[in-house]
Structure formats: structure tokens, C-alpha cells
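I opened this notebook to keep track of what I looked up, step by step, and in what order. The entries below follow that order.

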Amino acid sequence: MGESNSTTEPRVLVTYLSSNYSQLQGLIKHADTKANIMIALIGGILSVFFNFFMLESNKLPIWQTLIVLGLLLISGAFAIITLYPRTPKATGNFSLIYFKDAQEVDVDKWTKKFLKSNQEEIITKDMITNIKNISKILDRKFTTLRVSYMLFGLSIIIKIIFDLIIWIWNHSMKNVIIF
């Protein structure tokens, strides 16, 4: 694609950046919702099956029960980490979008500056910087959520394997004839 000397129409730029920003905000909400579902699911499994795990510990060695419970708890911890708010520190630069920088904006100074001149470049840079920061936050959220999902799945698979081993062991012992 070749570069052209024409500039981007301001409305197109605003629409593009605003859409991108909104989409990233939506993905953050999506990750948080998934993390909440994971926490609720793990909480439900732990509360409903805790007695089952303890009753089965007569047949299932305690170390196997602890592995499954440990993986579920670690998975829950990663889901909670996903929800933990992560925001970059204030940059000290102008930004009306990033709340930590917006708190420090000199309202009178920037109002006059906006009204007296074209601040398209500053606004565009502010939007792009915030989109970049939100993208980093989103990447961290989905990384921790992915780990939570993997640990949750691993705990379920391990529990099923342990149950199958116990079931096979119990059924094979019934078929053994003692003389």
C-alpha cells in the first residue's frame, strides 16, 4: 500500500478510534464476565462436591483429592487475578480519556488551547495511547483467564482419570476368584 499526501478525514478518524476503543472496552467486560462465571463454577463445584470428595477419599487416596482440589483453587485464584483492576500509572501527559491523567488536567489551560487551535494531533495521540494501554490490560486479562481455564480443565480431566482408575480397579477385583 502506497503512502498518499492526503490527510485522514477527522470524522473517519474519530469513528475509527472510538470504535476501536469501545471494542476493547467490550472485550475487557467479556473477560471479566468469563472470570466471574469461572469463579461461580468453581465455587459451586467446591461447595456441592466437597462432601463427595471427602467421602470418596476412602477409595481415592488423599493426595489425589488434594491434587484436584488444589488445581481448582489455583484456577479460581487466576480467575480472581483476571478481575483485579490493572491500570498503568499516570503518565503526566495530557489525556482526557485515561482517568489518572485526566485528574491532573488544567481545565482552564486546555479549554483555551482547544478553543484557540486545532488539537487533532493531540487528541489522536491520546486515543491511540489509550487504545495501546487498554490492549495491554486486555492481553494480561485473557492470559490469566486462559491459565484459569486450563487449570480448571486439567482438574476435571484428572478427576475423571482418577475415578476411572478406581472404577476399573473395583470392577476388576470383583471378577477375581479367590480359591
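What follows are my entries on the fold, the cores, the aromatic rings and the surface.

**Entry on the fold.** I note at the outset that this is a predicted model. I looked up the secondary structure and found five helices and zero strands, which read along the sequence as α-α-α-α-α. For the contacts, I took those between residues at least 6 apart in sequence, and 77% of them join residues at least 24 apart. Of the 179 residues, 28% count as buried.

**Entry on the cores.** I asked which elements give two or more residues to the largest nonpolar core. That core has 16 residues, and those with the most contacts inside it are Met38, Ile42, Leu46, Val68, Leu72, Phe152 and Ile158. The contributing elements are α1 (10-56), α2 and α5, and α1 gives the most, with six residues. I then looked for a further core and found a second, separate one of 10 residues, which includes Tyr21, Ile28, Ile134 and Ile137.

I went back to methionine 38 to list what this residue touches, leaving aside residues up to four places away in sequence: the partners are Ser75, Ala79, Ser148, Tyr149 and Phe152. Of interest to me here is that Phe152, like Met38, is listed among the residues with the most contacts inside the largest core.

**Entry on the aromatic rings.** I searched for aromatic pairs and the structure holds one. Tryptophan 63 and phenylalanine 162 form this pair, with 5.9 Å centre to centre and 75° between the planes. I recorded the geometry as edge-to-face, because the angle between the planes is over 60 degrees.

Which helices does the pair tie together? Tryptophan 63 lies in helix α2 (residues 62-83) and phenylalanine 162 in helix α5 (residues 120-174), so the pair ties together parts that are 99 residues apart in sequence.

I also checked whether each partner is buried or exposed. Tryptophan 63 has 49% relative accessibility and counts as partly exposed, whereas phenylalanine 162, at 11%, counts as buried because the value is under 20%.

**Entry on the surface.** I looked up the accessible area of the protein, which exposes about 12700 Å², with carbon and sulfur atoms supplying 66% of it. I then asked which residues form a nonpolar patch on the surface. They are Ile156, Ile160, Leu164, Trp167 and Ile168, with about 490 Å² of accessible area together. I placed isoleucine 168 in helix α5, the helix that also holds phenylalanine 162 of the aromatic pair.

Terms used: Residues numbered from 1 in each chain as written. Predicted model: local features only at pLDDT ≥ 70, side-chain atom pairs only at ≥ 80, totals over all residues. Heavy atoms only, no water. Phe/Tyr/Trp six-rings, centres within 6.5 Å; stacked < 30°, edge-to-face > 60°. Helix = DSSP H or I, 4+ residues; strand = E, 2+ residues; numbered from the N terminus. Buried < 20%, exposed > 50% of the residue type's maximum accessible area, 1.4 Å probe, protein only. Patch = residues over 30% accessible without salt bridge, like charges linked within 9 Å, V, L, I, M, F, W, Y side chains within 5 Å. Areas by Shrake-Rupley, 256 points an atom, 1.4 Å probe, with all protein chains shown as cover. Salt bridge = Lys/Arg side-chain N within 4 Å of Asp/Glu carboxyl O. Core = buried A, V, L, I, M, F, W, Y, C linked by side-chain atoms within 4.5 Å. Contact = heavy atoms within 4.5 Å.
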